[in-house]
Amino acid sequence: MGFNHRRGLNPYTSPYTILDCGDIPISPFDNALALRQMSEAFLELGSRTPALSEGDNPKPKLLTLGGDHSIALPALRALNKIHGAPVAVLHFDAHLDTWNPARYSDAWESPQSDFNHGSMFWIASNEGLILNGSSAHAGLRTRLTGDGWDDHIDDDRQGFLRISSDDIDDLGTKGIINVIIERIGLETPTYLSIDIDVIDPGLCPGTGTPEPGGWTSRELIKIIRGLETLNVVGADIVEVAPAYDGNGEQTALTAAQLGFEILTSWVGSGMKQRGKSSSTVGIPDSNKDEL
């Protein structure tokens, strides 16, 4: 069962090839080595020639499932080499993840420990991998370090727009979609990063750093669907921790649905660019999106 009624297509039977590339083998003992292993693997996979390479799809698009959010750094390093320029980042998360490692209180400093799931965008920004002024966080509701706004000041320097979880009450899902599109634009190569803790832990408890007051899975899926026109060149869905999930595995199910929506959007956009008719790709007028 793979037909997506809201888009009028089955991504798995489309002209595009969807491959499970398996797990990247990494060291669990040395995160500097693990970062190198992931960086090399992303570059290798992202540099391959896809089955359909004509038009606006000259490179494969990688959807990575995690796992620790730090995988975004090697993915951005690979995209920078593949595209030859920084990309925008659209980051759905309860937390900023642009934290300067120096902000973490620790009596013992280590360059190796600087790379973690809360600092990877800070590192990426300092490496020139993120397009400053065109990136955005969405769903934020985290506490900040210290006694002031230093975290937001650091975030501003890295060029992110902040959309809080509470903003959905005033803007609605359509308003959130419009703000993101206005910020990023439709042509900018964009990396989509979804931390599952953007969803309220009452609905997705299977994550390592839950924060009350999040969006519903329905709201997030609606927003992701509404962003199909963005030029998303890579994506991840991360921080799913099965050990903390409920008996119904609702966190894993939500992550799987988000992955299905991303794949559907990629295939739908690609087929539209290839000139497929509306009878092949799209929602018939008689059908409504159930969201």
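# Strands, a pocket and helix α7

Guide: Strands β3 and β4 (residues 160-164) run parallel and are joined by 5 bridges. Bear in mind that this is a predicted model.

Visitor: What makes β3 and β4 a pair?

Guide: Two strands pair if there are at least two bridges between them. β3 and β4 have 5 bridges, so they count as paired. One facing couple is serine 135 and phenylalanine 160, the latter in β4.

Visitor: How does the chain get from β3 to β4, and what is the hand of the crossover?

Guide: The path goes through helix α4 (residues 150-157), and this β-α-β crossover is right-handed.

Visitor: Which sense does the pairing of β2 and β3 have?

Guide: Strand β2 (residues 88-92) pairs with β3 in the parallel sense, over 3 bridges. That meets the requirement of at least two, so β2 and β3 count as a pair. Leucine 90 has alanine 136 of β3 as its bridge partner.

Visitor: How many residues of β3 are buried?

Guide: 6 of the 6 residues in β3 (residues 135-140) are buried. The strand is mostly covered.

Visitor: Now the pocket. What is the volume of the largest pocket?

Guide: About 1400 Å³. Its lining holds 42 residues, and those closest to the centre are Leu19, Cys21, Lys61, Leu62 and Leu63.

Visitor: Which element gives the most to the lining of the largest pocket?

Guide: Helix α7 does, with 9 residues. α1 (31-46), β1 (62-65) and α7 (250-273) each supply at least two.

Visitor: How does the lining of the largest pocket divide into nonpolar, polar and charged residues?

Guide: It has 27 nonpolar, 9 polar and 6 charged residues. Leu and Cys count as nonpolar and Lys as charged. Both kinds therefore appear among the residues closest to the centre, which include Leu19, Cys21 and Lys61.

Visitor: Back to α7. Why is threonine 251 called buried?

Guide: Threonine 251 lies in helix α7. Buried means under 20% relative accessible area. Threonine 251 has 0% relative accessibility, so it counts as buried.

Visitor: What is threonine 251 in contact with, leaving aside neighbours within four places in sequence?

Guide: Ile196, Cys204, Pro205, Gly206, Val240 and Asp245. Each has heavy atoms within 4.5 Å of threonine 251.

Visitor: Is glycine 268 buried or exposed?

Guide: Glycine 268 is also placed in helix α7. Its relative accessibility is 0%. The cut-off is under 20%, so glycine 268 counts as buried.

Visitor: What separates the C-alpha atoms of glycine 268 and glycine 248?

Guide: A distance of 30 Å, with the two glycines 20 residues apart along the chain.

Key
Residues are numbered from 1 along each chain as its sequence is written. This is a predicted model: local features need pLDDT of at least 70, side-chain atom pairs count only at pLDDT 80 or more; totals for chains, interfaces and linings use all residues. Side-chain values use heavy atoms; hydrogens and water are left out. Buried means under 20% relative accessible area, exposed over 50%, partly exposed in between (1.4 Å probe, protein chains only). Helices (H or I, at least four residues) and strands (E, at least two) are DSSP runs, numbered from the N terminus. A crossover is right-handed if, with the strands pointing away from the viewer, the path from the first strand over the helix to the second runs clockwise. On a 1 Å grid over the protein atoms alone, a cavity is a set of points where a 1.4 Å probe fits but cannot get out, and a pocket is an open set with protein on both sides within 12 Å along at least five of seven lines; lining residues have an atom within 4 Å of a point. Grid points are joined across faces, edges and corners, and a volume is the space filled by probe spheres set on the points.
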